[in-house]
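Student: Hey, could you walk me through this one? I'm new to it.
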Amino acid sequence: MADGTPQPQSVKQLRQERDRFLAFAFCRADLLLELTADHKIVFASGACRSVFGLSGDEMKGHGLQEFIVEQDQSVVNATLAGMTGGARPEPINIMCRNTKGAPRTLSLTGYFVEDLQRHYFLSCKIPAAPRASSGAEAREAAGAVMHDTASFNKVVSRSLETANDHTLTLLELSNYSTVLDQLDTASQEELHETINSYLRASSDDANSAAAFGEGRFGLIHRPEVDIEQLSSKISAKVKSADPSGLGVEIEKASVILAEAGVGDGNPAQAFDYMVRQFARGGDNGIRLNDLQNGLPKILAQIQRTATEVRSVIADESFRLVFQPIVRLDTRATHHYELLARIDGEIGSPARFIQSAEDLSLIRGFDMAVCRKAISWLRKQGEMTSQRAVAVNLSAQSIGDSVFVETLREQLVALGENRKHILFEITESSRMENPIVANNAIQALRNDGHLVCLDDFGVGEASLQYLRQFQVDILKIDGSYVRECLHDKTSAHILKAIADLCVDLGIDTVAEMVEDDETCKFLTKSGIVFAQGYHFGRPSQEIEVFEQPERRPAVARRLGAQESWG
């Protein structure tokens, strides 16, 4: 028509095109939102009632923030602001208000279109329910709002490759644990959520922040982010929550990723190590003041440490020593634990293992130890000895299917003697995929090897691991054993663990046993095996434990820990 009014057929075609685009959009989304420049909703379609409790038409005219929980409002604002520069952020998870029920998680991304009235177009998806077996899998399935050490290091690695103008900032809140101890559970959670929200809102794509525990945090952010302002907001929030009104001091250090050159080294590996050391805290951790003032020096030292660890692995420049594990009822040796002693000046075995794990080199060391153990057992087989030994495998190794298959192939060389090698699974680094780890454990057990879960009682995942893994032996951490005669709590915990393992058909080992009185208590409590200086210090000559007159002198350990990891 001359006045330009669409013909009925043209209107029908336009509707078909609209519906077609909506259909394509819903292939990847559960609901779609269109917002004005001031974040008012002008279009909503999809699972609106399921997520928000209102229909799409009922949501029109409302501000988006009305449907977002308070702690995540700053995260949403930061995400929308980031879109105005033409960026399409990675999906982030936010908590939405539902008018008829509890808040629920929604994964959100979108795009800002300057030429379409400066509107935002958001694609939203309801995350799948997480599988319960693994924290890492839960993050992939449901998207935890904050990263842990392992997943944050992946963010750092990606940023080193794609966003070198960005900055890594680490923050440590002094006495944060003291503040938390004064709060009830609900107040603790509210404080955690608010701090996490501040960090996420300042991080790249609102999806690049981490909480390491004990008041330590990290984030990757754009250059324009004001870290001093962020620190002031966190400090004010903690002070307002602190019943004493003192709050915390915040120590921080920032590193521009573009300035992370370390010669011919591997920056991603160096940063991974640095973040793990900071996240661990304690006397062995990276000091933020040192990081701020001497990054090139620290990165260079990390590269030297990596070179030393690789050299020990390649040259097998370590020795194996033996420490007996005895049956408490008969005091007969059941098997020996193999402990590594590192040659040269690289440091204590514990420090070496920690470095190898933080540098993701522990698989190579574990395999080198296994090769030496297999070689020793083959020689023992030639002498018809029935000695059995336990070899430590780190969480990283047992969680690597390639490592486990390679190990199983090498164990074939032992033939019938393979039953004389046991494996202790250590928890010094958290297992990222317990399903893979349990498959590996069961494969080793099916091959005829006993498997022991080491250091039970010290890690946050101990009980979870006991539920997830089928094992033959449980080694109880020595901190409970040392105190069992003097501390009722430790004694009750020991007895409870022993009773639980009896019900599960699992044998128990108590480590750090140093006197006969402790042995009697452990026997009465139902513990099956024991290990410690009371039965001999570790020795490179296994024969000394079979000849009482040559047994290494017994002495109390004064807090030392005789283990490889």
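Tutor: Sure, let's start with confidence and then look at a helix and a surface patch.

Student: Okay, what's the mean pLDDT of the protein chain?
Tutor: This is a predicted model, and the chain's mean pLDDT is 82, with 81% of residues at 70 or more.

Student: Which elements have the lowest and the highest mean pLDDT?
Tutor: Helix H5 (residues 135-142) is the lowest, with a mean of 34, while strand S17 (residues 529-531) is the highest at 96. Over residues 129-144 the pLDDT is below 50, and the model gives this stretch 31 contacts beyond near neighbours in sequence. Another stretch, residues 554-565, also stays under 50. Where pLDDT is low, the predicted coordinates shouldn't be read in detail.

Student: New topic: how far apart are the end C-alpha atoms of helix H17?
Tutor: They are 18 Å apart, which agrees with the 18 Å expected for its 13 residues (434-446) at 1.5 Å a residue.

Student: And which residues of H17 are buried?
Tutor: Pro-434, Ala-437, Asn-438, Ala-440, Ile-441, Gln-442, Ala-443 and Leu-444.

Student: What covers them?
Tutor: The cover includes strands S12 (389-393), S13 (421-425) and S14 (451-456), along with helices H15 (395-398), H16 (401-411) and H18 (462-468).

Student: What follows H17?
Tutor: Gly-448 follows H17, and its phi is positive, near 105 degrees.

Student: Now the surface: which residues make the nonpolar patch of about 280 Å²?
Tutor: Leu-463, Leu-500 and Leu-504 make that patch. Leu-500 is found in helix H20 (residues 488-504).

Student: Why can Leu-500 count towards a patch?
Tutor: Patch residues need over 30% relative accessible area, and Leu-500 is partly exposed at 34%.

Notes
Residues numbered from 1 in each chain as written. Predicted model: local features only at pLDDT ≥ 70, side-chain atom pairs only at ≥ 80, totals over all residues. Heavy atoms only, no water. Patch = residues over 30% accessible without salt bridge, like charges linked within 9 Å, V, L, I, M, F, W, Y side chains within 5 Å. Areas by Shrake-Rupley, 256 points an atom, 1.4 Å probe, with all protein chains shown as cover. Salt bridge = Lys/Arg side-chain N within 4 Å of Asp/Glu carboxyl O. Helix = DSSP H or I, 4+ residues; strand = E, 2+ residues; numbered from the N terminus. Buried < 20%, exposed > 50% of the residue type's maximum accessible area, 1.4 Å probe, protein only. Expected span 1.5 Å × (residues − 1). Contact = heavy atoms within 4.5 Å. pLDDT = per-residue confidence, 0-100.
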